[in-house]
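Let's take a friendly walk through this protein, from its overall surface to its core and a few individual residues. Please keep the sequence and the 3D view open as you read.

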Amino acid sequence: MYVCVCNAVTCKRVKQALHQGKHSVRDLRLHFGFESCCGKCNRHMRSMIDEHRQAMVSIAAGNLHAR
């Protein structure tokens, strides 16, 4: 699925960038080399960033409890 139709950025590419350490919409834009066009992708990218952060917190919490 496309996150940003204007720049042909897919969910898969955003997830890969998040795993590579991108932490904000600005980081993602710089990573993909585009400026905001219509801005419709901002909300979806923020949502994906939040989901990624929550997943990382859950993983970290699980690792702490496993010790």
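The accessible surface of the protein comes to about 4900 Å², and carbon and sulfur atoms account for 52% of this area. Such areas are computed by the Shrake-Rupley method with a 1.4 Å probe, and for residues only the protein chains shown count as cover. The model is predicted: local features need pLDDT of at least 70, side-chain atom pairs count only at pLDDT 80 or more, and totals for chains, interfaces and linings use all residues. Residues are numbered from 1 along each chain as its sequence is written, and side-chain values use heavy atoms, with hydrogens and water left out.

**Overall layout**

The protein has 3 helices and 2 strands, arranged along the sequence as β-β-α-α-α. Helices (H or I, at least four residues) and strands (E, at least two) are DSSP runs, numbered from the N terminus. The C-alpha trace spans about 45 × 15 × 15 Å along its principal axes. Of the 67 residues, 27% count as buried; buried means under 20% relative accessible area, exposed over 50%, and partly exposed in between (1.4 Å probe, protein chains only). Where contacts join residues at least 6 apart in sequence, 46% of them link residues at least 24 apart, a contact being heavy atoms within 4.5 Å.

**The core**

Now for the inside. A nonpolar core is a set of buried Ala, Val, Leu, Ile, Met, Phe, Trp, Tyr and Cys residues joined through side-chain atoms within 4.5 Å. The largest one here has 15 residues, and those with the most contacts inside it are Val 3, Val 14, Leu 28, Phe 32 and Met 45. Strand S1 (2-4), helix H1 (11-19), helix H2 (25-32) and helix H3 (41-66) each give two or more residues to this core. Beyond its neighbours within four places in sequence, Leu 28 is in contact with Val 14, Ala 17, Leu 18, Lys 22, Met 45 and Ile 49.

**Two helices with two sides**

H1 and H2 can be read in parallel:

| Helix | Buried residues | Arc of the buried residues |
|---|---|---|
| H1 | Cys 11, Val 14, Ala 17, Leu 18 | 125 degrees |
| H2 | Val 25, Leu 28, Arg 29, Phe 32 | 100 degrees |

The arc is that of the directions from the helix axis to the C-beta atoms. An α-helix has 3.6 residues a turn, so residues three or four places apart point the same way. On the other side of H1, Lys 12 and His 19 are exposed. In H2, the face turned away from the buried side carries the exposed residues Arg 26 and Leu 30.

A glycine with positive phi follows each helix: Gly 21 comes after H1, with phi near 105 degrees, and Gly 33 sits just after H2, with phi of about 75 degrees.

**Two more residues to look at**

Which residues does Asn 42 touch, not counting those up to four places away in sequence? They are Val 25, Arg 29 and Ser 36. Asn 42 lies in helix H3 and counts as buried because its relative accessibility is 14%.

Ala 8 belongs to the loop between S1 and strand S2 (9-10). Its phi is near 55 degrees, a positive value in a residue other than glycine. With a relative accessible area of 39%, Ala 8 is partly exposed.
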